[in-house]
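This report goes through one protein model, from its strands to its pockets and aromatic contacts. The structure is shown first.

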Amino acid sequence: MGANTKALKSRIRSVDSTLHLTRAMGLVASSKMRRANEAMRNGRDFAQSFGNVIDLLASCPETATSSYMVKREGDRTRLIVIAGDRGLAGGYNANIFRLVDTLSYEKVYPIGKRACDRFKAAFASSEKYTFAQASELARQLCADYIAGEYDRLGIVSTKYVSMMTQEAEVTWVLPITPPENQEKSVVVFEPDEQTVLQDAVPDYVAGMIMRAIRESFASEVAARRMAMDSAGKNAQTMIDDLQLKYNRARQGAITQEITEIVAGSGS
């Protein structure tokens, strides 16, 4: 019986240590939420504003022959895959890789330690990724696209729906698709629409990359906070159950000792 109580006590200490870890990670995630959500909103606003300009340009007949607009027959696809730098975020990283596995692609540009590890690439932090890095990647991708080295570019990232829900998604960036039911633009572009489009697309792609990264990071933080909350509740429930078993085992040991003492005194 003594060995049983000793094992239970050791188990309680182990689970309690896990509980402290999950609480600490949950607090860290909570502290990052406000800043991550603010960066996500800024990224969305930037991408939407730039996207409106691209939609105006794409709706102009003069841009129909642009290299960025013409659809190609091939299926050479490149993907930018955005995952987290760390684990313990529920199904966040697994959902991204599950979606990637359903896609056909020629080359992957991973962002985030988990994605870099998966595709054996140099580490690029999803939390600390800068617009300068996104611009460099976007210009490389646009130059390769103009050169005809691939036919389609997509970004695999996580969409932030709510604190409870995040969804893996793929956003197709190139070629640019003209918006449906777009009214004819009355904006005058100088020197001409096609030249402006050619110059604007690399910055647009960089903006789309940053939006996806910022939204994915906010999703990762939210997923980790929810995962740590759930793990903390499970750990506390386990501690309560183990404590009950420990108390019963200890009570049984005490009862047995009393019985032995009484039996010994009567003999």
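## Strand pairing around E1

Strands E1 and E3 run parallel and are joined by five bridges. One position in this pairing is Val-81, whose bridge partner in E3 is Val-156. E1 also runs parallel to E2, again with five bridges. Here Arg-78 has Lys-107 as its bridge partner in E2. The model is a predicted one, and the pairings are read from its coordinates.

How many of the six residues of strand E1 are buried? Six of the six residues in E1, which spans residues 77–82, are buried, so the strand is largely enclosed by the rest of the structure. Burial here means a relative accessible area under 20%. The side chains of Thr-77, Leu-79 and Val-81 point one way from E1, while Arg-78, Ile-80 and Ile-82 point the other way, and all are buried. Arg-78, the bridge partner of Lys-107, is thus named among the buried residues of the strand.

## The E3–E4 hairpin

Strand E3 covers residues 152–160 and strand E4 covers residues 166–174; the two pair in the antiparallel sense, over eight bridges. A hairpin of five residues connects E3 to E4. Within this pairing, Lys-159 has Glu-167 in E4 as its bridge partner.

Arg-152 has its charged end over the ring of Trp-172, 3.7 Å from the ring centre. A contact of this kind also occurs between Arg-72 and Tyr-145, where the charged end of the arginine sits over the ring, 3.8 Å from its centre.

## The largest pocket

The largest pocket holds about 280 Å³ of space. Fifteen is the count of its lining residues, and those closest to the centre are Ala-47, Gly-51, Asp-55, Tyr-204 and Met-208. Which elements each supply at least two residues of this lining? They are H1, E4 and helix H5, the last of which spans 193–266.

H1 gives the most to this lining, with six residues. By class, the lining of the largest pocket is made up of eight nonpolar, four polar and three charged residues.

## The second largest pocket

About 210 Å³ of space lies in the second largest pocket. Its lining includes Tyr-109, Pro-110 and Ile-111, the run from Ala-121 to Ala-124 (Ala-121, Ala-122, Phe-123 and Ala-124), and also Tyr-129, Gln-133, Glu-136, Leu-137 and Gln-140. Strand E2 (107–111) and helix H4 (131–146) are the elements that give two or more residues to this lining.

H4 gives the most to the lining of the second largest pocket, with four residues. The residues of this lining divide into nine nonpolar, two polar and one charged.

## Aromatic contacts

A search of the whole structure finds seven aromatic pairs. In one of them, the rings of Phe-46 and Phe-50 have centres 5.8 Å apart and planes at 65°, so the pair is edge-to-face; the cut-off for that label is an angle over 60 degrees. Phe-46 and Phe-50 are four residues apart in helix H1, so about one helical turn separates them. Phe-46 is partly exposed, with a relative accessible area of 39%.

Phe-46 also pairs with Phe-131: the ring centres are 6.0 Å apart and the planes lie at 80°, so this pair is edge-to-face. Because Phe-46 lies in helix H1 and Phe-131 in helix H4, the pair ties together parts that are 85 residues apart in sequence. Phe-131 counts as partly exposed, at 37% relative accessibility. Phe-46, Phe-50, Phe-131 and Tyr-204 form one aromatic cluster. Tyr-204 is also one of the residues closest to the centre of the largest pocket.

## Two further positions in H1

Arg-23 is found in helix H1. Arg-23 is partly exposed, with a relative accessible area of 48%. The C-alpha atoms of Arg-23 and Gly-232 are separated by 6.4 Å, although these residues are 209 residues apart along the chain.

Ser-10 also lies in helix H1, which runs over residues 2–58. At 38% relative accessibility, Ser-10 counts as partly exposed. Between Ser-10 and Gly-112 the C-alpha to C-alpha distance is 37 Å, and the two are 102 residues apart in sequence.

Key: Residues numbered from 1 in each chain as written. Predicted model: local features only at pLDDT ≥ 70, side-chain atom pairs only at ≥ 80, totals over all residues. Heavy atoms only, no water. Buried < 20%, exposed > 50% of the residue type's maximum accessible area, 1.4 Å probe, protein only. Pairing = 2+ DSSP bridges. 1 Å grid on protein atoms, 1.4 Å probe; cavity = no way out; pocket = protein on both sides within 12 Å on 5 of 7 lines; lining within 4 Å. Points joined across faces, edges and corners; volume = space filled by probe spheres on them. Nonpolar A, V, L, I, M, F, W, Y, C, P; charged D, E, K, R; others polar. Phe/Tyr/Trp six-rings, centres within 6.5 Å; stacked < 30°, edge-to-face > 60°. Lys NZ or Arg CZ within 6 Å of the ring centre and 35° of its normal.
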